[in-house]
Amino acid sequence: MSSSAVISRWEPENQAFWQQSGEQIAKRNLWISIPCLLLAFSVSIMWSIVVLKMPLIGFQYSKDQLFLLTALPMLSGATLRIFYSFMPSILGGRKWTTISTASLLIPAIWLGMAVQDATTPFSVMLVIALLTGLGSGNFASSMANIAYFFPKSQKGYANGMNAGLGNLGVSVAQFVMPLVITGGMFAAFGGDAQTYTKDGVEHQIWLQNAAFIWVPFIIASSVAAWFGMNDLSSAKASFSEQAVIFRRKDNWLMCWLYLGTFGSFIGFSSGFALLSKTQFPNIDVTSFVFIGPLIGALVRPMGGWVSDKIGGARVTAGIFAGMIVAVIAVLSFLPDAGSAGNFWGFFISFQFLFVLAGIGNGSTYRMIPTIFLTTAQREAKQRGISATEAEHNGTRESAAAGGFISAIGAYGGFLIPQLFGFSMKTTGAAETALYVLMVFYVSCLLLTLWRYARKSSAMPC
C-alpha cells in the first residue's frame with residue numbers, strides 16, 4: 001500500500017488489513033467527506049430561506065417564481081448527480097471531492113452579490129439557482145466514493161454516517177441563515193444592509209450573508225479534502241465498466257423507492273417553509289423550519305444500522321406504510337373552507353414525515369450493496385468467475401448504482417415543491433399534491449413487498 005495520496009492496495013474484507021491500517025484510513029476519508037457533503041447540502045438549500053425574505057426587500061417575484069427558485073437547485077442537482085456518480089471511479093475520490101467542494105464557491109458568492117440588488121433580473125436568479133444545484137450533485141459522488149472504503153458489514157454504518165451527517169447541512173443552513181442575515185458580519189466586504197418596514201417599524205437585514213457565510217468553510221474543506229483524503233487504485237473504472245448498472249432491473253426499481261424516501265426528504269426540506277407560509281400566512285416559520293430536516297438527517301444512520309441487523313427491505317416497507325399514515329394526518333390539519341386549520345397539528349405531522357423519510361433514506365440505501373453483490377455472486381456461479389472477482393464487480397456496481405439511484409431520488413427536491421406549487425395554482429389548496437404523494441407511497445410499499453421483503457421474493461434483502 002502506498003503512503004501517498006493514491007493507495008494501490010485496498011482489501012477492506014481482509015480482517016488483518018482492516019485492523020492494521022484500513023479502518024483508520026477509511027474513517028479519515030469518511031470524516032473529511034462528511035463536512036464537505038454537509039456544506040454541499042447547505043449551499044443547495046440556500047434558496048429555501050432566501051425566497052422568504054426577497055419580497056420584503058423589493059424583489060417583485062410571483063409565488064410561482066419563488067417556488068421555482070427553491071425547486072431549480074434540486075432539478076439541476078439531480079441531473080448533475082447522474083454524471084457525478086461515475087466521477088470518483090474515473091478521476092479519483094480525493095481529486096473529485098476537492099473539485100466538487102470548491103465549485104460551491106460559484107453559487108455562494110454570486111447569490112450573495114445578486115440579492116443586494118432588487119433589480120436583478122429573474123433570469124439571472126434562475127441561472128444562480130441552477131448553479132446552486134452543484135451542492136446537491138455532490139451527494140452522488142460522495143456516496144459512491146465512500147462505498148469503496150468500507151467492508152460489507154459496515155457499509156450501512158458508513159453510508160448512514162456520510163449521508164445522515166451530510167444531510168444535516170439542510171437543517172444547519174435553515175438554522176444558521178435566519179441568524180446571520182440579522183447582522184453585517186462581513187463588514188465592508190459583505191455589502192450594505194437592506195431595509196424594509198413591517199407594522200410601522202423599520203428593519204435591517206443582510207440577506208447576502210445567507211450565501212457568504214459558507215465561503216470560508218468551503219475553502220477550508222476543499223483544502224482538507226486535497227491533503228487528507230485518498231484515491232484508491234482499485235476503485236478506478238471506466239464509464240463503460242460502470243454502465244452495466246443500466247441493464248439491471250433492480251437499479252431502476254430502487255430509483256423509484258429512493259425517490260420515495262430521499263426524494264421526499266429533500267423535497268419537503270425545499271418546499272416546507274413556503275408551503276407553510278401559503279397555508280398559514282400568519283405564522284413565521286423561519287425560526288423552526290430547520291427542525292424537520294434536522295431530525296430527518298439525524299435518524300438516517302439509524303435506518304442503515306437497523307437494516308444491517310434485520311434487513312433493509314423490512315425497514316423500508318414499514319417506512320412507506322408509516323408515510324401513508326403521516327400524509328393522512330397532514331391532510332386532516334390543513335385549512336379548508338370550513339376552518340382555519342391547525343398549524344401545530346400540521347407541523348407535528350410533517351415532522352413524522354421527515355423522521356420516516358430520514359430512516360427510509362438509510363434503509364433503502366443499505367439495500368443497494370446487498371442487491372448488487374447478490375447479483376454479482378449469482379452471475380459468478382453461472383460464468384465460473386472467482387468469488388474475489390465477483391466481490392469486486394459487486395462493489396463497483398453498487399457504488400455506481402448508489403450514485404445513480406441518488407440522482408433519480410434527488411428529483412424529488414424539484415418535483416415536490418413544483419407539485420405543491422401546481423396544486424396551489426390550480427385548486428388554491430395543497431390537498432391535491434398530498435393525495436398524489438399518498439398514492440405514490442402506496443406504490444412504493446407494494447413494490448418493496450413484492451420484490452424485496454417477502455421470503456419468496458426474487459431479491460430478498
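These are my notebook entries on what I looked up in this structure, which is a predicted model.

**Domains**

I started with how the chain is divided. I found domain 1 at 1-236 and domain 2 at 238-460. I looked up their C-alpha centres and got 21 Å between domain 1 and domain 2. Their contact draws 49 residues from domain 1 and 48 residues from domain 2.

Next I checked how much area goes into that contact. Domain 1 and domain 2 bury about 4300 Å² between them, and 72% of this is on carbon and sulfur atoms. I then asked which residues of domain 1 lose the most area to domain 2. They are Leu52, Phe67 and Phe86, which together make up 16% of what the domain 1 side buries.

**Cores**

I went for the largest nonpolar core and got 124 residues. Trp47, Met54, Met125, Phe350 and Tyr452 are the ones with the most contacts inside it. Where does this core lie relative to the two domains? Domain 1 and domain 2 both give residues to it, so the core lies between them.

I noted another core apart from that one, with 22 residues. Its members include Ala147, Ala158, Met161 and Leu165.

I also pulled the contacts of Phe350. Leaving out residues up to four places away in sequence, Phe350 touches Phe268, Phe272, Leu275, Val330 and Phe420.

**Rings**

I searched the whole structure for aromatic pairs and came back with 40. I picked out phenylalanine 139 and phenylalanine 262. Their ring centres are 5.3 Å apart and their planes are at 15°, so I wrote the pair down as stacked; the cut-off for stacked is under 30 degrees. Phenylalanine 139 is in helix α7 (residues 122-147) and phenylalanine 262 is in helix α13 (residues 249-279). With 123 residues separating them, the pair links distant parts of the chain. Buried or exposed, I wondered, for phenylalanine 139 and phenylalanine 262? Both are buried.

One more ring went into the notes: arginine 94 lies over the face of tryptophan 226, at 4.0 Å from the ring centre.

**Methionine 161**

I came back to methionine 161, one of the residues in the core of 22. I located methionine 161 in helix α8 (residues 155-180). Its relative accessibility is 17%, so methionine 161 counts as buried, the cut-off being under 20%. Setting aside neighbours within four places in sequence, I listed Leu30, Trp31, Ile34, Gly166 and Pro301 as the contacts of methionine 161. I also took the C-alpha distance from methionine 161 to alanine 297, and got 9.5 Å for two residues 136 apart along the chain.

**Glutamine 351**

Next to Phe350 in the numbering I looked at glutamine 351, which sits in helix α17 (residues 343-383). Glutamine 351 counts as buried because its relative accessibility is 9%. Outside residues up to four places away in sequence, I have glutamine 351 touching Phe272, Ile291, Gly292 and Ile295. Phe272 is also among the residues that Phe350 touches.

**Proline 417**

My last stop was proline 417, in helix α19 (residues 412-427). I read a relative accessible area of 0% for proline 417, so I put it down as buried. What does proline 417 touch, not counting residues up to four places away in sequence? I listed Phe67, Thr70, Ala71, Gly267, Ser270, Gly271 and Gly412. Phe67 had already turned up among the domain 1 residues that lose the most area to domain 2. From proline 417 to alanine 357, 60 residues apart along the chain, I got 16 Å between C-alpha atoms.

Notes
Predicted model: local features only at pLDDT ≥ 70, side-chain atom pairs only at ≥ 80, totals over all residues. Heavy atoms only, no water. Core = buried A, V, L, I, M, F, W, Y, C linked by side-chain atoms within 4.5 Å. Buried < 20%, exposed > 50% of the residue type's maximum accessible area, 1.4 Å probe, protein only. Domains from an automatic or database assignment. Contact = heavy atoms within 4.5 Å. Phe/Tyr/Trp six-rings, centres within 6.5 Å; stacked < 30°, edge-to-face > 60°. Helix = DSSP H or I, 4+ residues; strand = E, 2+ residues; numbered from the N terminus. Lys NZ or Arg CZ within 6 Å of the ring centre and 35° of its normal. Buried area = accessible area lost by both parts, 1.4 Å probe.
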